[in-house]
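Trainee: I've got a structure open and I'd like to learn how to read it. Could you walk me through it?

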Amino acid sequence: MAAVAEDDALWAAVADPTRRRVLDSLLENGEASTTTLAEGLPVTRQAVAKHLAVLNRVGLVAGERHGREVRYAVLPERLDEAAEAMARVAAQWDRRLARIKRLAESVQAEAGIDS
Amino acid sequence: MAADSVEREILIEASPEVVWGVITEPEQISRWFSDDAEVETRAGAEGTLTWKPGGRGGDKESDSIVPIRVVEAEPFRRFSFRWNHPQGAGPDESNSALVEFSLAEEAGGTRLTVLESGISAVAHDEQGKTRYLEQHEHGWEKHLGELLDYVASKAGRTAR
């Protein structure tokens with residue numbers, strides 16, 4: 001079930017607050033190097049590099065070499081996939097709650113008639 | 001800490017007593033959750049949730065039986081259980097997810113909140129992971145609403 005492992009990795013990648021800030025920053029700037037990103041974040045360059053590696057591994061960002069530095073950018077398709085995977089999970093609980101609501105309200109309505 | 005958890009809520013036009021019955025009585029549970037349920041509304045009680053082929057479990061070939069253990073049962077207010085731990089093992093934070101229902105009376109009804117946490121504990125177990133996806137249960141990490149909003153806004157389109 002490769003798809004499951006992939007979804008998990010994707011979720012885990014976006015779950016970290018610092019990685020979300022890295023993504024934010026990349027989305028704002030279009031593209032940025034590890035050094036540029038570290039300047040705008042309260043973490044070390046090494047930490048940023050680690051976060052970028054995680055994001056890169058799940059395909060959320062890609063790096064391109066420009067001379068001596070690698071510039072990273074967000075891959076929007078993958079972000080869409082993440083949104084859909086999460087929406088599926090949300091929908092599951094929402095459906096259950098909707099069923100609970102329907103059941104409870106019909107029980108309540110019957111009780112109302114009886115009393 | 002909201003990490004590794006999902007929270008959803010809904011307003012129901014029924015009393016907390018009625019909502020309590022729907023979320024805790026086995027014959028009701030089988031109408032909104034699993035296809036079959038063996039559960040006692042008592043802290044420490046062990047039970048099972050069963051998904052059957054052709055039921056909500058989808059097109060699986062055999063029953064999928066998921067163990068649960070009730071953690072808290074405070075009538076009309078709180079009901080929580082751990083689930084998806086390995087068969088025969090006692091559930092704890094490392095091997096199971098925690099589902100907590102909270103009921104709050106409001107004008108005209110009951111606000112029902114469900115919080116599931118520790119999802120990565122079961123998502124990291126290969127078998128559990130497979131089971132999760134088969135049932136389209138869950139298997140992800142972190143606060144859903146927040147993430148969803150975030151990703152949806154970044155993805156530039158509304159997530160379904």
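Mentor: Sure. Keep in mind that this is a predicted model. Let's start with a residue pair in chain B: Trp51(B) sits opposite Ser64(B), which belongs to strand 4 of chain B.

Trainee: How many bridges join strand 3 and strand 4 of chain B, and in which sense do they pair?

Mentor: There are 6 bridges, and the pairing is antiparallel; strand 3 of chain B covers residues 46–51. Strand 4 of chain B also pairs with strand 5 of chain B, antiparallel and again over 6 bridges. There, Ala73(B) faces Phe79(B) of strand 5.

Trainee: What lies between strand 4 and strand 5 of chain B?

Mentor: A turn: the two strands make a hairpin with 3 residues between them, and Phe76(B) in that turn has a positive phi of about 70 degrees.

Trainee: Next, cores. How do I read one?

Mentor: In soluble globular proteins, nonpolar side chains tend to be buried together. Here the largest nonpolar core has 28 residues, and those touching the most other members are Ile100(A), Ala104(A), Val19(B), Val22(B), Ile23(B) and Leu112(B). Helix 5 (76–114) of chain A gives two or more residues to this core, as do several elements of chain B, including helix 1 (16–24) and strand 6 (97–106).

Trainee: Which residues does Ile23(B) contact, leaving aside neighbours within four places in sequence?

Mentor: Ile100(A), Phe79(B) and Phe101(B). Apart from this core there's another, of 17 residues, with Leu37(A) and Val74(A) among them.

Trainee: And a helix? Which residues of helix 2 of chain A are buried?

Mentor: Arg19(A), Val22(A), Leu23(A) and Leu26(A). They're on the same side of the helix because they cover an arc of only 95 degrees around the axis. The face turned away from that buried side carries exposed Pro17(A) and Glu28(A). Helix 2 of chain A, residues 17–29, reaches 18 Å from first C-alpha to last, close to the 18 Å expected at 1.5 Å a residue. Following it is Gly30(A), with a positive phi near 80 degrees.

Trainee: What's the strand order in the open sheet of chain A?

Mentor: The order is 1-3-2, with antiparallel pairing among the 3 strands. Strand 1 (32–33) and strand 2 (61–66) each have a single partner strand, so one side of each lacks a neighbour in the sheet. Strand 1 pairs with strand 3 (residues 69–74) of chain A over 2 bridges, and Ser33(A) has Arg71(A) as its bridge partner. Helix 2 of chain A packs on this sheet, touching strand 1, strand 2 and strand 3, and its direction makes about 95 degrees with that of strand 3.

Definitions and conventions:
Residues are numbered from 1 along each chain as its sequence is written. Chains are lettered from A and ligands numbered from 1 in the order in which they are written. A nonpolar core is a set of buried Ala, Val, Leu, Ile, Met, Phe, Trp, Tyr and Cys residues joined through C-beta atoms within 7 Å. A residue is buried if 20 or more other C-beta atoms lie within 10 Å of its own, exposed if 12 or fewer, and partly exposed in between; C-beta atoms are placed from the backbone. Helices (H or I, at least four residues) and strands (E, at least two) are DSSP runs, numbered from the N terminus. Two residues are in contact if their C-beta atoms, placed from the backbone, lie within 7 Å. Two strands pair if DSSP finds at least two bridges between them. The expected span of a helix is 1.5 Å times one less than its number of residues. The arc is that of the directions from the helix axis to the C-beta atoms. Axes are lines fitted to C-alpha atoms, for helices over the stretch in contact, and angles run from 0 to 180 degrees between N-to-C directions.
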